[in-house]
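The following paragraphs lead through one structure, moving from its interior to its ligand and then to some details of its backbone. Please keep the sequence and the model in view while reading.

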Amino acid sequence: MEPVLVSACLHGVPCRYDGRATGGPGEVADGGRVVPFCPEVAGGLPTPRRPAEIVGGDGHEVLDGRARVLDDRGTDVTEEFLRGAHRALAAARRAGCGSAVLMPRSPSCGRGVVYDGSFSGARRTGDGVTAALLERHGIPVRPADPT
Ligand code: SF4
């Protein structure tokens with residue numbers, strides 16, 4: 001069975017923007033080998049950090065240079081998000097991951113639905129930057145169960 005790339009915060013790593021984890025080890029991927037990875041930390045952002053959202057599109061538009069990732073003070077963190085996404089893809093390939101299970105709604109890890117850039121809790125259809133890059137390179141992404 002191929003290993004599965006998993007958002008590190010779903011696997012007990014306290015790497016969320018608020019310094020917390022979301023789930024514990026073993027809660028995702030049903031006993032298969034798990035490769036925990038946090039794109040935002042890998043991209044060079046600290047923990048804790050300001051919350052960030054994609055403004056003007058979703059992760060695909062960030063990859064295409066048509067949207068940016070900003071934190072809630074307006075600081076542009078697009079480069080860190082892009083760097084983290086490419087490092088996630090490299091880690092997935094290195095480990096031979098056939099798929100990924102990622103954190104819902106995150107501007108990096110979200111799949112299908114992300115926050116809309118208004119920092120109001122509103123959502124829009126789309127993928128996070130890492131989820132978009134993995135999908136583009138043939139690594140299917142599934143959002144973890146609702147958290
Ligand atoms: Fe979790 Fe992904 Fe955010 Fe890292 S970037 S804290 S793995 S949702």
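Helices, of at least four residues, and strands, of at least two, are taken here as DSSP runs and are numbered from the N terminus. The model is a predicted one, and the account that follows should be read with this in mind.

A good place to begin is the largest nonpolar core, which has 39 residues, and in which Leu5, Val69, Val129 and Leu134 touch the most other members. The elements that give two or more residues to this core are the strands S1 (4–7), S2 (34–37), S3 and S5, together with the helices H3 (78–95) and H4 (129–136). Among the contributors, H3 gives the most, with seven residues. The surroundings of Val129 can be followed in some detail: leaving aside its neighbours within four places in sequence, Val129 is in contact with ten residues, namely Ile54, Gly59, Val62, Leu63, Val69, Phe81, Leu82, Ala85, Pro107 and Ser108.

Val141 belongs to strand S8, which comprises residues 141–143. Its relative accessible area is 9%, and Val141 therefore counts as buried, the limit being under 20%. Not counting residues up to four places away in sequence, Val141 touches Ala100, Leu102, Arg111, Ala131, Leu134 and Glu135. Between the C-alpha atoms of Val141 and Phe37 there is a separation of 14 Å, while along the chain these two residues are 104 residues apart.

Turning to the ligand, one finds that the space it takes is the largest pocket. There are 14 residues around the ligand, of which Cys9, Cys38, Glu40, Met103 and Cys109 come nearest. By character, the shell around the ligand divides into eight nonpolar, three polar and three charged residues.

The backbone also deserves attention. Most residues other than glycine have a negative phi, and most peptide bonds are trans. Against this background, the peptide bond from Thr47 to Pro48 is cis, with omega near -5 degrees, and Pro48 itself lies in the loop between helix H1 (39–42) and strand S3 (52–55). Arg105, in the loop between strand S5 (99–102) and strand S6 (113–115), has a positive phi, near 75 degrees, although it is not a glycine. Arg105 is buried, with a relative accessible area of 15%. Phe119, which is not a glycine either, has a positive phi of about 55 degrees and is found in the loop between S6 and strand S7 (123–125). With a relative accessibility of 31%, Phe119 counts as partly exposed.

Note on methods: Residues are numbered from 1 along each chain as its sequence is written. This is a predicted model: local features need pLDDT of at least 70, side-chain atom pairs count only at pLDDT 80 or more; totals for chains, interfaces and linings use all residues. Side-chain values use heavy atoms; hydrogens and water are left out. Buried means under 20% relative accessible area, exposed over 50%, partly exposed in between (1.4 Å probe, protein chains only). A residue is near a molecule or strand if one of its heavy atoms lies within 4 Å of it. On a 1 Å grid over the protein atoms alone, a cavity is a set of points where a 1.4 Å probe fits but cannot get out, and a pocket is an open set with protein on both sides within 12 Å along at least five of seven lines; lining residues have an atom within 4 Å of a point. A molecule sits in a cavity or pocket if more than half of its atoms lie within 2 Å of its grid points. Ala, Val, Leu, Ile, Met, Phe, Trp, Tyr, Cys and Pro count as nonpolar, Asp, Glu, Lys and Arg as charged, and the others, Gly among them, as polar. Contact means heavy atoms within 4.5 Å. A nonpolar core is a set of buried Ala, Val, Leu, Ile, Met, Phe, Trp, Tyr and Cys residues joined through side-chain atoms within 4.5 Å.
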